[in-house]
Amino acid sequence: MGAHNAFITETELEGAEDGPLAGKTVAVKDNISTEGVATTCGSDMLADYVPPYDATVVSRLKDAGATIVGKANMDEFGMGTTTETSAFGATTNPVDDERVPGGSSGGSAAAVAAGEADLALGSDTGGSVRCPAAFCGVVGIKPTYGLVSRYGLVAYANSLEQIGPLAPTVEEAAELLDVVAGPDEHDATTHDAAADSDYAAAANGDVEGLTIGVPTELVEGADEDVKAVFEDALDEYRDAGATVEEVSLPSVEYGVAAYYVIAMSEASSNLARFDGVRYGESGGYEGNWNEVFSETRAENFGDEVKRRILLGTYALSAGYHDKYYKQAQEARAWVRQDFEEAFEDVDVLASPTMPVLPPKLGESVEDPLQMYLMDANTVPVNLANLPAISVPAGESDEGLPVGLQLVGPKFGEEEIIDAAALLD
């Protein structure tokens, strides 16, 4: 729906008459529950599912006066980096209709970039807010794990994912984060770090005396066009009084592999409930339960979802658990340790958000490995459960957006919001 297929369902859910978001329109990713409005996760499996309740973040949007204008298109169950795996068709990039908007929250980013919504919510499991923010030239925040309630978010990989805001500016993204962040009795993993937050007030771009670390491993593999824009942005920080120094995160070499083993393993467990009996299309198949279960999933899941369920089930199976899943968790601990050591010397870390420019439609969806490798700069942040923001850093020679990613220590949202505001 809309010029860029940014929405799966258009609606108009009006919030309170006044509040910090009164008069603002918000697009909500279609894996976040909305009472009485279809929540499909971009899948045929949930094409007719209408939740009986609101996710906590949706309740908070309504209380803040926002008007929810639609459920944003997404890669099926959040599995993809381009929004091309949606059962409802690909979303296109408002900057260039022949290119992908990134994923899996591509509909959310495209809606904001195209002016079809003032703000949006996405979810970020391995970069799914930051990637489309970078590709569409908007701001996206992946909060610290536990800062925002996941109650009502259809689970993909519970230990990695967070709901996060997308907006045209850093300040607007921070205002949306102020509304949705904070503890929730429905989600035991939430933290009270944001109980009295004022993230919007931090968006002032004051970087005098700030030390920015640049992990060499997250820059080396980037395209030359991306590197050029990134280096120009670092010069802006230097000119504004920040110190920029190289740091090393050797563990991120294993980040993508560890991330996908963990994410796929958790997905295989979470998606087991979609069997046509408890959840999902029943299809009217005949036979014993195992046959019906198999036919339902074969018919209603897309290729990428099936691929990840199969790989995750394999990684968790007897004889392979220690070989794959256990090793991935050990790599995750190493990634977390590397970040902690880096933050002993620097205030924030900076890298290109995505190592490539937005690919053309169809270029990467046929090559899953290429699609997975695009996440090299974003997945380590989720493995370490840290906050990160993607802010537009400039454009390539072709006029395509390039995002700069800033990563902060745990619950260091104010530091990264402050630093990101310099580039607004």
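Reader: Why does Phe77 count as buried?

Author: In this predicted model, Phe77 has a relative accessibility of 4%. Buried means under 20% relative accessible area, so Phe77 counts as buried.

Reader: What makes Phe301 buried or exposed?

Author: The relative accessible area of Phe301 is 5%. Exposed would require over 50%, and buried requires under 20%; Phe301 is therefore buried.

Reader: Why is the pair of Phe77 and Phe301 called stacked, tilted or edge-to-face?

Author: The structure holds seven aromatic pairs. In the pair of Phe77 and Phe301, the ring centres are 5.8 Å apart and the planes stand at 75 degrees. Rings pair if their centres lie within 6.5 Å, and planes over 60 degrees apart count as edge-to-face. The pair is therefore edge-to-face. Phe77 lies in the loop between β3 (67-72) and α2 (106-113), and Phe301 in the loop between α7 (289-300) and α8 (303-316); the two are 224 residues apart, so the pair links distant parts of the chain. Phe77 and Phe301 also form one aromatic cluster with Phe274.

Reader: How do you know that β3 pairs with strand β1 and with strand β2?

Author: Two strands pair if there are at least two bridges between them. Strand β1 (residues 7-14) and β3 have five bridges, in the antiparallel sense; Phe7 stands opposite Ala72 in β3. Strand β2 (residues 25-29) and β3 are also joined by five bridges, and they run parallel. Here Ala72 in β3 is the bridge partner of Lys29. Between β2 and β3 the chain passes through helix α1 (residues 56-63), in a right-handed β-α-β crossover.

Reader: What makes β3 mostly covered?

Author: Six of the six residues of β3 are buried.

Conventions
Residues are numbered from 1 along each chain as its sequence is written. This is a predicted model: local features need pLDDT of at least 70, side-chain atom pairs count only at pLDDT 80 or more; totals for chains, interfaces and linings use all residues. Side-chain values use heavy atoms; hydrogens and water are left out. Rings of Phe, Tyr and Trp (its six-membered ring) pair if their centres lie within 6.5 Å; planes under 30 degrees apart count as stacked, over 60 as edge-to-face and the rest as tilted. Helices (H or I, at least four residues) and strands (E, at least two) are DSSP runs, numbered from the N terminus. Buried means under 20% relative accessible area, exposed over 50%, partly exposed in between (1.4 Å probe, protein chains only). A crossover is right-handed if, with the strands pointing away from the viewer, the path from the first strand over the helix to the second runs clockwise.
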